[in-house]
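Student: I would like to work through this protein with you, one question at a time, and to see the reasoning behind each answer.

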Amino acid sequence: MKRRRHNHNYCLPNCENKDRLSDLPNCLLLHILSFLNAERVVRTCILSKRWNNLWKSLPVLTLGSVKKSNQFMSKILSCRDSSATLHTLDFHSYAIRKPGQVKWIIEYAVSHNVRHLDIYLKGRFQEFPSCLFSCGTLTSLKLTVFLPSMFTKRLFFPNSLNLPALTSLSLRSFTFLVGDDGRVEPFSALNKLNSLVINRCEVLGAKNLGISSATLVNLTIIMSDRAPTASFGFELSTPSLITFHFIGHPLQKLCQSNGNLSTVKRVSIDVKYWIYEANTPLVLLNWLDELANIKSLTLTSSTLKVLSHAPRLLKSEFSSLCNMESLNVKKKYSSSILDDGLVKFLLQNSPSAEVNIVD
């Protein structure tokens with residue numbers, strides 16, 4: 001008896017080998033391409049005539065890698081459809097050889113109505129073009145600069161900003177200058193600012209940085225790892241602030257005479273134990289008093305160790321932290337020993353709060 005041979009290459013009626021991906025509308029294809037870096041996006045032009053010029057209208061570009069030069073990045077922008085809006089630009093350059101090209105790339109993005117701009121530069125860079133700080137369409141701006149240790153030239157942040165749509169701002173390695181009014185308060189003109197990150201910046205000509213914003217909700221401050229004498233204080237006037245993260249050395253009160261921080265609900269503080277001044281424990285205790293209504297408090301073990309040096313701390317009355325729901329302690333080292341008495345001190349007005357120890 002002969003066995004029948006079965007053909008498993010079934011085919012549906014009128015079935016053809018189709019490029020179904022290319023049949024998608026442009027808006028979907030451009031959305032898919034937006035998840036790729038620029039080098040891979042450009043390579044799609046060889047797929048078919050359908051893809052030949054599609055990448056030139058991409059509204060999201062990720063430029064930069066260790067292997068690619070600034071010239072490669074500039075070439076991509078010059079070949080784009082000049083009428084196409086550039087919605088988002090992530091520009092990372094690990095070796096700045098021609099700062100003029102960096103300026104050209106930023107000017108291109110601004111002239112094409114960029115909304116989200118993420119710039120990461122490493123090398124000798126002195127200034128950004130002025131058009132960057134007067135872009136009417138920009139809603140999110142992240143500027144990260146790594147300067148060589150031997151490079152003493154400061155990168156100054158402008159006192160005057162015209163960014164009416166900006167809601168998110170992140171800065172690293174900038175120097176803030178005193179304005180005509182004798183104060184350092186560079187963010188007061190940002191009327192829609194919601195999130196602010198200040199990372200390893202410095203103040204020139206004053207001791208304090210003023211942060212004044214009626215709309216600010218999230219604030220992160222990361223100080224330099226240098227000695228606290230090189231740090232600076234903050235004067236907060238932020239009536240809508242909810243989340244506050246701090247890494248560094250607290251030097252003074254947060255609000256001074258500008259208001260209070262009663263709206264803040266989530267706080268994390270990391271103070272380095274091995275480099276702090278004699279008055280740091282008292283300033284830190286004052287911060288906790290100013291942040292009286294927080295619900296979630298995260299402290300590192302080194303922060304608790306600094307706080308423990310406040311004179312007669314455990315014997316003093318503490319009227320703050322009455323609404324706290326959780327206390328999180330991050331152990332900096334596995335061998336860190338937590339002071340149970342200090343933890344009880346922080347929980348005395350909220351005994352039902354949950355305590356979490358994170359290694």
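Student: Which residues are buried in helix α7?

Tutor: Since this is a predicted model, every value we discuss is computed from it. Helix α7 spans residues 340–347, and its buried residues pack against several elements, among them α5 (280–290), β15 (296–300) and β17 (354–358). The buried residues in this helix are Leu342, Val343, Phe345, Leu346 and Leu347.

Student: How many residues are in the largest nonpolar core?

Tutor: In soluble globular proteins, nonpolar side chains tend to be buried together. In this protein, which has seven helices and 17 strands, buried residues make up 44% of the 359 residues. Phe128, Leu169, Phe176, Phe187, Ile211 and Phe244 touch the most other members of the largest nonpolar core, and the number of residues in that core is 97.

Student: Which element supplies the largest share of this core?

Tutor: The core can be broken down by the element from which its residues come. The largest share amounts to six residues, and the element that supplies them is α4.

Student: Is Trp104 buried or partly exposed, and is its ring pair with Tyr108 stacked or tilted?

Tutor: Both residues lie in helix α4 (residues 99–111), four residues apart, which is about one turn of the helix. Tyr108 is buried, with a relative accessible area of 10%, whereas Trp104 has a relative accessibility of 34% and therefore counts as partly exposed. Among the 13 aromatic pairs counted in the model, the rings of Trp104 and Tyr108 have centres 5.7 Å apart and planes at 35°, so the pair is tilted.

Student: At what angle do the ring planes of Phe133 and Phe157 lie?

Tutor: Phe133 sits in the loop between β3 (116–122) and β4 (140–146), while Phe157 is in strand β5, so that the pair links distant parts of the chain, 24 residues apart. Both Phe133 and Phe157 are buried. Their ring centres are 5.5 Å apart, and the pair is edge-to-face because the planes lie at 80°.

Student: Which residues form one aromatic cluster with Phe133 and Phe157?

Tutor: Phe128 is a useful place to begin, as its contacts beyond four places in sequence include Phe133 and Phe174, along with Ile106, Leu121 and Val145. Phe133 and Phe157 are themselves an edge-to-face pair. The other residues in this cluster are Phe128, Phe174, Phe176 and Phe187.

Student: Which strands are the edge strands of the open sheet that contains β7?

Tutor: The sheet has three strands, in the order β5-β7-β9, and the pairing is parallel. Strand β7 (residues 175–177) is joined to β9 by three bridges, with Thr175 standing opposite Glu202 in β9. The edge strands each pair on one side only, and they are β5 (156–157) and β9 (202–204).

Student: Is Glu235 buried or exposed, and which side chain does it join through a polar contact?

Tutor: Glu235 is found in strand β12 (residues 233–237). With a relative accessible area of 15%, which is under the 20% limit, Glu235 is buried. A polar contact of 3.5 Å joins its side chain to that of Arg183.

Student: What percentage of the exposed area do carbon and sulfur atoms supply?

Tutor: The total to consider is the area that the protein exposes, which is about 19,600 Å². The share of that area supplied by carbon and sulfur atoms is 50%.

How values were computed:
Residues numbered from 1 in each chain as written. Predicted model: local features only at pLDDT ≥ 70, side-chain atom pairs only at ≥ 80, totals over all residues. Heavy atoms only, no water. Pairing = 2+ DSSP bridges. Helix = DSSP H or I, 4+ residues; strand = E, 2+ residues; numbered from the N terminus. Buried < 20%, exposed > 50% of the residue type's maximum accessible area, 1.4 Å probe, protein only. Polar contact = N/O pair within 3.5 Å; in protein donor to acceptor, adjacent residues only side chain to side chain. Phe/Tyr/Trp six-rings, centres within 6.5 Å; stacked < 30°, edge-to-face > 60°. Areas by Shrake-Rupley, 256 points an atom, 1.4 Å probe, with all protein chains shown as cover. Core = buried A, V, L, I, M, F, W, Y, C linked by side-chain atoms within 4.5 Å. Contact = heavy atoms within 4.5 Å.
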